[in-house]
Amino acid sequence: MRYKFGLFVSLTLLLLQVNAQSISTNINGNSAELLVSLPGGIAADFTITFENVVGLTEENLGLAVDLIDLNDINVLNRLPSGILTSIPVAFPMMITVEPAYDSGLSFEGLVTIDIHTHNLAYTENTPLRLFKAPLGGTFRDITDTTSSGSYRARSTTGTFSQFIIVADNRAASQISTEKLNQLQSELAGWQNVIEPAVFLQLNNKSMDIAADINQANYAAADIKITEFSYLVSQYAGTGIPNVWRASKDIDNVAGELIAHAKTLKFSVRLID
């Protein structure tokens, strides 16, 4: 079941009230706060915070919320392979942020995503993570931090996506290797839009990170990941594109590279 926001917001809100649902969106400067409750008492606060944004309105965000069928093979097949990842029974919610092509929404740099729900409890060594995917694509862990109390997670991204909470019981070392491979693959794919000298620095740093992780020198890898993010930030907007537009005619390369680095750091720090 999906609840969309757009040209028919008033009608949608009326229908949700009739069905005892509650959804509201508050735009405040560079932030958008989504408060939603779905059937079965499933509820969350979802906040999107931009570094610098143009055209931020409720309609332009293209928000939608889905109640996930836990037996839906079309969703389960989008999780990482194996039996070690699953959608929590207590929180089968998917949030989609997909601005329309002609919405005029654009931003620079990183987007910070915060999600908070009382349906899940934070415990030490919790396997709960924030995942994202392109529409219909494979979900991957993008978590930067998790917080105690009722479950909170934070992440960053350079694009918009579908977001879910996943219980991920894979080893931190496996996840870190996967995230490193994703970072290096994305970097290689964007070589033609990054200034050659800048690309060389970033590629060398990514190889240094890989060497440290392969040698189980995780403290050194942590430091080099920070250095990688600093390099990207230093050249963002000059040697590295850092703008996202709803028309999708350019890639926010800097935002995505930093987001990959931040979630890699999170997983590396969890390795025993």
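**Strand β12 and helix α6**

Okay, let's start with one pair: I113 has S155 in β12 as its bridge partner. Keep in mind that this is a predicted model.

So who does that pair belong to? I113 sits in strand β8, residues 106-121, and β8 runs antiparallel to β12, with eight bridges joining them. Now look at the other neighbour. Strand β11, residues 143-147, also pairs with β12 in the antiparallel sense, here over four bridges. If you want a spot to find on screen, S147 stands opposite R152 in β12.

Between β11 and β12 you get a hairpin with two residues between the strands. Zoom in there and you'll see G149, which takes a positive phi near 90°.

And is β12 enclosed or open? Six of its eight residues, out of 150-157, are buried, so the strand is largely enclosed by the rest of the structure.

Right, over to the helix, α6. This one covers residues 218-235, which makes 18 residues. From the first C-alpha to the last it reaches 26 Å, close to the 26 Å you'd expect at 1.5 Å a residue.

Which residues of α6 are buried? They are A220, A221, D222, I225, F228, S229, L231 and V232. Here's a handy thing to remember: an α-helix has 3.6 residues a turn, so residues three or four places apart point the same way. Try that on I225 and F228, both on the buried list.

What do those buried residues pack against? Three helices: α4 (172-189), α5 (196-214) and α7 (253-268).

Last stop: just after α6, G237 takes a positive phi of about 90°. That's me done, thanks!

Note on methods
Residues are numbered from 1 along each chain as its sequence is written. This is a predicted model: local features need pLDDT of at least 70, side-chain atom pairs count only at pLDDT 80 or more; totals for chains, interfaces and linings use all residues. Side-chain values use heavy atoms; hydrogens and water are left out. The expected span of a helix is 1.5 Å times one less than its number of residues. Buried means under 20% relative accessible area, exposed over 50%, partly exposed in between (1.4 Å probe, protein chains only). Contact means heavy atoms within 4.5 Å. Two strands pair if DSSP finds at least two bridges between them.
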